[in-house]
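Thanks for coming. I have one structure to go through today, so please look at the display before I start.

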Amino acid sequence: MVSEGKSTAEKLGNSVVSDENSTAEKLGTSVVSDENSTAENPDTLVISDEKSTAEKPFKRRIKMDNKRPDSMERINDTAKAMKFIDEQVAEIKKTVGDGKVLLALSGGVDSSVVAALLIKAIGKQLVCVHVNHGLLRKGEPEQVIDVFRRQLDANLVYVDATDRFLNKLAGVSDPEKKRKIIGSEFIDVFAEEAKKQEGIKFLAQGTIYPDILESDGVKAHHNVGGLPEELDFELVEPVKFLYKDEVRVVGKALGLPDNMVYRQPFPGPGLGVRCTGAITRDRLEAVRESDAILREEFAAAGLEGKVWQYFTVVPPITSTGIKDGKRTDDWIVVIRAVNSVDATSATIEPIPYELLGKIVNRIITEVKGVSRVAYDLSPKPVATIEWE
Ligand code: XMP
């Protein structure tokens, strides 16, 4: 499925973006531009959504007739997924020919499935760019490299832009400013990589059907920024008519690992929203390490895939502790584990005390600069799921 919206790709600039799981992470604001709508292109809206992903950082030109065909069967088993894959592979080959396609690959399910489809169709004509903004979870960049470069033999450009992002974010405590910095820096890094590539004609995106449905008919101010004008790509959006559950079935059929296909929602600004206030490297490390412990223990306890979303937060406040007989002033790790259907509301997962105790013990002994752990019992509403 290829839409001809060429993307002068006005971008979000103020939107950052991660599209991991579910429509959940895209529930926030949609920044929609009507730049090319009505008069010139009556059938096209240019849309970007704030809570989308690193792999969807660009406004999508969504055709008003972007309607999932009524005849399209729900893809709920491997056979249907294989049929879809064959059809898309043929269509991508036809559209792309011997051209080159660029894709921002975050490692989230949508961009990963799109990457795997394109690799199957056109192999190394696809150039995947994985930007590590330094706010990813422990092991994520490594997994993207392992799956796509090593296992799928993809043409993958890995950019470690950690210093660049963290330097820009230094001292910035306002959540919106942080998001804007991450969003616009992401676009800059991606555009720089795009310019280094020769002969790119297409930009692939992991747009899924809820993105189209959620943005339908909405208009907002245009000109929120985008890829430089000279990067004038045609969009390739092979999963744009799929719902999230179908994307996962297709991902499974393409052989992607379960922890990529069934990943929990993860915000585009990544751990940046969980290292509240001005991000410091030590506190960010405390978020990353405590999150890794939480995920490891949830997996060991069989809760992976059963609890909708779980993570840790480290706010910029300290509390007193005692280590080696000396008073310390350490960070506080907060555990959050919620159940939800669509992220508009959330209930608290009752974690067994024994498991909580084990997690707390590991965090206070293994994570540097932490001596206290708290468990957030606040449902949504009134509290939001993320702290920022
Ligand atoms: P809140 O905190 O608003 O979050 O209750 C609802 C869901 O959205 C996810 N979330 C985001 N996802 N970019 C995203 O892609 C973001 O900036 C963002 N902020 C929140 C959050 O993890 C939860 O699942």
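I will take confidence, the pocket, a hairpin, an aromatic pair and some backbone points in turn.

This is a predicted model, so confidence goes at the start. The chain averages a pLDDT of 84, and 80% of the residues score at least 70. Where is the pLDDT under 50? One such stretch is residues 2-55, for which the model nevertheless has 236 contacts beyond four places in sequence. Another is residues 217-225, with pLDDT below 50 and 30 contacts beyond near neighbours in sequence.

Next, the largest pocket. The space in it comes to about 560 Å³. How many residues line the largest pocket? There are 24, and those nearest its centre are Asn259, Tyr262, Arg263, Gln264 and Glu304. Three helices give two or more residues each to this lining: H3, residues 140-151; H8, residues 258-261; and H9, residues 281-300. Of these, H9 gives the most, with 3 residues. By residue class, the lining has 10 charged, 8 polar and 6 nonpolar members.

Now the hairpin. Strand S11, residues 318-323, runs antiparallel to strand S12, residues 326-339, and 6 bridges link the pair. One bridge to look at is that of Gly321, whose partner in S12 is Thr328. The hairpin has 2 residues between its strands, and Asp324 takes a positive phi there, near 50°.

On to aromatics. The structure holds 4 aromatic pairs. One of them is Phe186 with Phe190, a stacked pair with 6.3 Å centre to centre and 5° between the planes. How far apart along helix H5 are Phe186 and Phe190? They sit 4 residues apart in H5, residues 175-196, so about one helical turn separates them.

Last, the backbone. Which residues does a cis peptide bond join? One such bond joins Lys380 and Pro381, with omega about -15°. Another joins Pro381 and Val382, with omega about 15°. Pro381 belongs to the segment after strand S14, which spans 370-375, and Val382 is also in the segment after S14.

There is also Asp153, which is not a glycine but has a positive phi of about 55°. Asp153 lies in the loop that runs between H3 and strand S7, residues 155-160. H3 has come up already, as one of the helices that line the largest pocket.

That is the end of my list.

How values were computed: Residues numbered from 1 in each chain as written. Predicted model: local features only at pLDDT ≥ 70, side-chain atom pairs only at ≥ 80, totals over all residues. Heavy atoms only, no water. pLDDT = per-residue confidence, 0-100. Contact = heavy atoms within 4.5 Å. 1 Å grid on protein atoms, 1.4 Å probe; cavity = no way out; pocket = protein on both sides within 12 Å on 5 of 7 lines; lining within 4 Å. Points joined across faces, edges and corners; volume = space filled by probe spheres on them. Nonpolar A, V, L, I, M, F, W, Y, C, P; charged D, E, K, R; others polar. Pairing = 2+ DSSP bridges. Phe/Tyr/Trp six-rings, centres within 6.5 Å; stacked < 30°, edge-to-face > 60°.
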